[in-house]
Amino acid sequence: MSQVVGFIGAGQMGEPMVSRLLQAGHRVKLFARRTSVRERMAAAGAQTVDSVAEAAAADIVIVCVFSDEQLVQVLDGPSGVLGAASKECVVLSHTTGTMATVQDLAAGYPEGPVLLDGPVSGSAEDIAAGRLTVLLGGPATSVERVRPVLESYADTIVATGALGSALSVKLINNALFAANAQLVAAATDVGRRWGIGDQELVRALLACSARSYAAESIHRTGGLAKFERMAAPYLRKDVAACLAATKDNGIELAQLADVIHHGPLELG
């Protein structure tokens, strides 16, 4: 059944999500600051609105912003999503941040809409192809309510438990991914010393037992230099969030942290 979906954060990942939602027949109320995005999405069928509060007048609100700070700016306050949305609305955050942030936000609006954490794994290309992975934390009934909407751009949707649990899983995933990327970078350094080009080595590894998603990502983006330029800012943010979250809970990343901080890539 078609739903009215409020959407905030139509950036590199968010814009293809909006496109897929429209293609699936959902009515999308989009709040976007960039004129070019507003024009493209309006031409595709989205209803563009002028405030976060207007976007919050929907059955489901999806927020896809970069950081915890931006998430708080969008959700909190009387004109934010949690203050403006109806009690029946479900609000889903795709932001990869900390468990504490979403839990604090939800606690501040006990009579407000249900908040779910829904970090994603995949790329803009995966979204466009409808094969994104979404992790979902929050009440089971609300998770099932948003599932048909998310299926517009995700083919794998994993319920992880209570609010915040999806972010914990995602941060562990990203720490492991960062460590894997560092190991691939270290392996290419060994290959260079033997006269093997980076891309030639990675291409060969992808056909062997050492293949990994990290190696595929490095190869797909065109090598270590391009991968580091494109992925490192996001990985640094997520690694920092993971380190902060584990520190707050008295947990150490141990070997994962050693590999992340001492590898060839600038990910620490």
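Strand β2, residues 27-31, is mostly covered in this predicted model: four of its five residues are buried. I shall use this strand as the point of reference for the opening part of the chain.

Consider its pairing partners. Strand β1, residues 4-8, runs parallel to β2, and five bridges join the two. One position to locate on screen is Ile 8, whose bridge partner in β2 is Phe 31. Strand β3, residues 47-48, also pairs with β2 in the parallel sense, over two bridges. Here Lys 29 has Gln 47 in β3 as its bridge partner.

The connections come next. Helix α1, residues 14-23, forms a right-handed β-α-β unit together with β1 and β2. Helix α2, residues 35-44, forms a right-handed β-α-β unit with β2 and β3. Strand β2 thus takes part in the unit with α1 and in the unit with α2.

I turn now to a pair of helices. Two packed helices are described by the angle between their axes and the distance between the axes. For helix α9, residues 165-193, and helix α12, residues 224-248, the angle is about 140 degrees and the axes are 9 Å apart. An angle over 145 degrees would count as roughly antiparallel; α9 and α12 are therefore oblique to each other. The crossing of α9 past α12 is left-handed.

Which residues of α9 meet α12? Among them are Leu 171, Ile 172, Phe 177, Ala 181, Ala 185 and Arg 192. On the α12 side, the residues met include Leu 224, Phe 227, Leu 235, Asp 238, Val 239 and Cys 242.

Notes: Residues numbered from 1 in each chain as written. Predicted model: local features only at pLDDT ≥ 70, side-chain atom pairs only at ≥ 80, totals over all residues. Heavy atoms only, no water. Buried < 20%, exposed > 50% of the residue type's maximum accessible area, 1.4 Å probe, protein only. Pairing = 2+ DSSP bridges. Right-handed = clockwise from strand over helix to strand, strands pointing away. Axes fitted to C-alpha atoms, helices over the stretch in contact; angles between N-to-C directions. Parallel < 35°, antiparallel > 145°, perpendicular 65-115°, else oblique. Left-handed = near helix turned anticlockwise from the far one by under 90°. Contact = heavy atoms within 4.5 Å.
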